[in-house]
Each structure stands twice: as structure tokens, then as C-alpha cells.
Amino acid sequence: LDEKKEKLSKEKQELEDQITILTGELTVAKRQNSEKGEAELAQDAVYKQISDLQLEKGALGLFKGKEKKAIDLQIEGLRGQALEMDPKVQAEKAKKKEEVKAKCDEIQAKINPLEERKKEIIHQLQEVTVELEMDR
């Protein structure tokens, strides 16, 4: 019985190690969901340009009406660009979300049987422990 208990404990530890590794992979996969894609980075760059132009416009003096108008036109053009990028950004996000979900599902499918086996081992360990205590 002591050998059986030791064997089960060792198998349980190996399962826990595998589960820990897979759980880490799951965390990494989920984190990929928050990473920005090319389209979103490009859109962010356009929004940064808009912000910079707004700051530049704000820094202009009271009598710089023509320059302010020119900057307003630039800002409007950039806003239009940013809006045109939206469908591509959304499609990119949706695709990434699907890919991440598929990867997470794949990893979870590996974890589930390991968890089940671990539960079985814990149950068997409890039975062996009870038997050992009864023998003594």
C-alpha cells in the first residue's frame, strides 16, 4: 500500500506540473487577445496625429485664423481616414478573437482530462490512506 500511495502521489505531482504548464500557455494565449493588430496600430497613429494637430492649433495665437482653419481641415481629413479604418480594425479584432478562442479551447481540452485523472488519484489516495491507517 505504501508503494501504491507513493506511485499515486508521484503521478498526481506529474499531472499538477502538466496542468501548471498548460495553464501558463492558456494565460499567454488569452493575453494575445489584448495585443493590437496592424490596422489598429495604424489607426492609433492617425489619432495621435489628430491629437498633435489639436495641440498645435491650441498653441496658435488669437490672430492665427488662417492657420487654425488649415489645421481644422487636416484634422477633418485625418478623422475621415480613422473612420475608414474602423471596419478593418474590427475585422482584425474579430479574427484575432476567434484564433485566441480556438487556441484556448485546444489548451483547455488538454487540461480537462488531466484534471479528471487528478481527481481520481486524489480519491484513490484517500482510500489508500484510510486503508493504511486501518492496518496500523
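**Glutamine 43 and the two helices around it**

Leaving aside its neighbours within four places in sequence, glutamine 43 is in contact (heavy atoms within 4.5 Å) with Ala82, Met85, Asp86 and Val89. This is a predicted model, in which local features need pLDDT of at least 70 and side-chain atom pairs count only at pLDDT 80 or more, while totals for chains, interfaces and linings use all residues. Residues are numbered from 1 along each chain as its sequence is written, and side-chain values use heavy atoms, with hydrogens and water left out.

So where does glutamine 43 sit? You'll find glutamine 43 in helix 2; helices here are DSSP runs of H or I with at least four residues, numbered from the N terminus. With 6% relative accessibility, glutamine 43 counts as buried, a word that means under 20% relative accessible area, with exposed over 50% and partly exposed in between (1.4 Å probe, protein chains only).

Glutamine 43 has company: Ala39, Glu40, Val46, Ile50 and Leu53 of helix 2 are buried too. Look down the axis of helix 2 and its buried residues fall within an arc of 140° (taken from the directions from the helix axis to the C-beta atoms), so they line one face of the helix. Turned away from that buried side are the exposed residues Glu38, Lys48, Leu55 and Ala59.

What do the buried residues of helix 2 pack against? Their partner is helix 3 (65-135). The two helices pack at an angle of about 160°, with their axes 8 Å apart; axes are lines fitted to C-alpha atoms over the stretch in contact, and angles run from 0 to 180 degrees between N-to-C directions. Helix 2 and helix 3 are therefore roughly antiparallel, the term for angles over 145 degrees.

Methods
Angles under 35 degrees count as roughly parallel, over 145 as roughly antiparallel, 65 to 115 as roughly perpendicular and the rest as oblique.
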